[in-house]
Amino acid sequence: MSMFLAIKSQCLFPNQTHFKNRPSELVLPQTVFPKFRNGPRYRNCILAKAEDKARENSERQLEELTTSSGTCDPLCSVDETSSQEFEATYQPKTDFLKAFAILSAAVTGTIAINQSWVAANQDIAMALLFGVGYMGIIFEESLAFNKSGVGLLMAVSLWVIRSIGAPSNDIALSQLSHATAEVSEIVFFLLGAMTIVEIVDAHQGFKLVTDNITTRKPITLLWVVGFVTFFLSSILDNLTSTIVMVSLLRKLAPPSEYRKLLGAVVVIAANAGGAWTPIGDVTTTMLWIHGQVSTLPTMKDLFLPSVVSLAVPLALLSLTSEVNGKGQNSAEVLASEQMAPRGQLVFAVGLGALVFVPVFKALTGLPPYMGMLLGLGVLWIITDAIHYGESERQRLKVPQALSRIDTQGALFFLGILLSVSSLEAAGILRELANYLDAHIPSTELIASSIGVVSAIIDNVPLVAATMGMYDLSSFPQDSEFWQLVAFCAGTGGSMLVIGSAAGVAFMGMEKVDFFWYMRKVSGFAFAGYAAGIASYLAVHNLDISLPTALAQIPFLHGS
């Protein structure tokens, strides 16, 4: 340490007699500096300065970690949370008791249930297991178990019970193969779409959209953010749209109640925008892939209700004091990352790949996931070509993007869809559909109820269960029931912050409280939801038909 101080002293005062009278100026004469620079003390000085700078950087990073309270970038993994926060919140005794209770319940259930009982009471066993698994998904945060793992465990267990209760093992295998083929189409589609979006985002391609928002007037900004998110979500998934737009809000408005309301508008707009296009929301995508809805009729019939479900909350929020009663105008724009080289090209190709999927399906008759994989392959080759030899830009290529996509989300969909398919194979969903038809004859009420329930629990299993309960012989393609299911399941999640992936992302990024959202936003979101259903029923009862010229477009008609 003393040696380091001596070297540092030599750096600062190589020859004190050559300084001016005022020490603060510390100016070396030109005749002395070359001699000093060529000597060994100058080299020691460089080393000392480098070590000093490294120490300052380490101290600054440590200070940032200790003062950030464990927060992380919106796109970071939960695994990157600081160790200080983990140590402050970790309760080993409580977690051990939770794990012990769940393990004890599993062992007890395994001992109590034998194959003969399962074979005789298959429906009861599967319903109980599905209920327990679903509770594990709903209370994921309390139990500290990831819902993806719970979903996969539930799926395998349900199919084991189905294999025991089926008339023969061959029947169960045939049903499982059929279910796996259908579920895989959705999973491959999601993986391809998420990778394309991640590549575009890595190139900062979405800056082409977000940088054009220049207004700072509170009411105007509210509407602009809402409709930009609405149309962005119709092409991307609602989760990605929410992450992009909430990140943008941080350079449009300072932390305040107003910015929270802007974030809530992003959630409502993302869910509404994803409901009227086949690729905008995973539930609409599921219905589209399995043939319950087609491209053009869905877009034509659900566009107006989706706009209404957004416009009504925007109009009501515009009257609140947080938006209308305070001078929130701000010219402050925070710095953002620059677009990567050839980012515009990547944005154009990625956007074109997503939009081309319905066209590919109509032209070839192949499943949509094939069109998505085609677009991913094209974008993969392009990014490899434009970044050839650029070792410092490996993160912009597909292999790195694959490591950043939400793989656990795709596995959650896999587990849920396989679980629901087991209930369908056992005939449980058909029995439930018959019960609902007997006691709730109104299909509009059934679809509306699905939307309300989707605000509490995940809409993916709800829609998957509905698809298993009602087939195309009960309700044909593009019938009022399927379109209402697509709309209600997509927009109903906005009524609670935990009702959609967009809401959960916003909740984590802006540290929004569940009860704040319920108090400030839920009523407005419900008003938009009800107004959207009313507008759909009104327009549908008017029996508006497509213009002849538009209906004859080959890649839109019946695709």
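So, is Met495 buried or exposed? Keep that one in your heads for a moment while I say what we're looking at. This is a predicted model, so please hear everything that follows with that in mind.

Okay, Met495. The residue is buried, with a relative accessible area of 8%. You'll find Met495 in the loop between α25, residues 480-491, and α26, residues 501-510. So what does this loop residue touch? If we leave aside the neighbours within four places in sequence, Met495 is in contact with Gly451, Val452, Ala455, Tyr517, Ser522, Ala525, Phe526 and Tyr529. Have a look at Ala525 in that list. Met495 and Ala525 are 30 residues apart along the chain, and their C-alpha atoms are separated by 5.2 Å.

Let me zoom out for a second. The chain has 559 residues, and 45% of them count as buried. In secondary structure we have 29 helices and zero strands. And if you take contacts between residues at least 6 apart in sequence, 78% of those join residues at least 24 apart. Met495 with Ala525, at 30 residues apart, is one example of a long step along the chain.

Now, helix packing, and I'll stay with the Met495 neighbourhood to begin. Gly451 and Val452, which Met495 contacts, also turn up where helix α23 meets helix α28. Here α23 covers residues 443-454 and α28 covers residues 522-541, and the two pack at an angle of about 155° with their axes 12 Å apart. That angle is over 145°, the cut-off, so α23 and α28 are roughly antiparallel to each other. Their crossing is right-handed. On the α23 side we have Glu444, Ala447, Ser448, Gly451 and Val452, and these meet Tyr529, Ile533 and Leu537 in α28. Tyr529 is another of the residues in contact with Met495.

Next pair: α18, residues 343-364, and α19, residues 368-386. Their axes come within 8 Å and cross at roughly 160°. That makes these two roughly antiparallel as well, and α18 passes α19 in a right-handed crossing. The list of contact residues is long to read aloud, so here are some from each side. From α18 they include Leu345, Val349, Ala353, Phe356 and Phe360, and from α19 they include Met370, Leu374, Val378 and Ile382. There are glycines in there too, among them Gly350 on α18 and Gly371 and Gly375 on α19.

Leu354 of α18 is also part of that contact, and this residue takes us to Ile235. Ile235 lies in helix α12, residues 218-235. Not counting residues up to four places away in sequence, Ile235 touches Ile279, Leu351 and Leu354. At 25% relative accessibility, Ile235 counts as partly exposed. With Ile279 the C-alpha separation is 6.3 Å, and the two are 44 residues apart along the chain.

One more helix pair, with another geometry. Helix α10, residues 169-202, packs with α15 at an angle of about 130°, and the axes are 10 Å apart. That makes α10 and α15 oblique to each other, and the crossing is right-handed. Glu185, Ile186, Phe189 and Leu190 in α10 meet Val282, Thr285, Met286, Trp288 and Ile289 in α15.

On to the aromatics. How many aromatic pairs does a search of the whole structure find? The search finds 13. Take Trp276 and Phe303: the ring centres are 4.9 Å apart and the planes sit at 70°, so this pair is edge-to-face. The pair links distant parts of the chain, with Trp276 in the loop between α14 and α15 and Phe303 in helix α16, 27 residues apart. Trp276 counts as buried at 9% relative accessibility, whereas Phe303 is partly exposed at 32%. These two belong to one aromatic cluster, along with Trp223, Phe227, Phe230 and Phe231.

For contrast, Phe475 and Phe481 are stacked, 4.4 Å centre to centre with 20° between the planes. Both are buried. While you're there, look at Asp478, in the loop between α24 and α25. Its phi is near 65°, a positive value in a residue other than glycine.

Last stop: Lys260 and Trp516. The charged end of Lys260 sits over the ring of Trp516, 5.7 Å from the ring centre.

That's my tour, thanks.

Notes: Residues numbered from 1 in each chain as written. Predicted model: local features only at pLDDT ≥ 70, side-chain atom pairs only at ≥ 80, totals over all residues. Heavy atoms only, no water. Phe/Tyr/Trp six-rings, centres within 6.5 Å; stacked < 30°, edge-to-face > 60°. Helix = DSSP H or I, 4+ residues; strand = E, 2+ residues; numbered from the N terminus. Buried < 20%, exposed > 50% of the residue type's maximum accessible area, 1.4 Å probe, protein only. Lys NZ or Arg CZ within 6 Å of the ring centre and 35° of its normal. Axes fitted to C-alpha atoms, helices over the stretch in contact; angles between N-to-C directions. Parallel < 35°, antiparallel > 145°, perpendicular 65-115°, else oblique. Left-handed = near helix turned anticlockwise from the far one by under 90°. Contact = heavy atoms within 4.5 Å.
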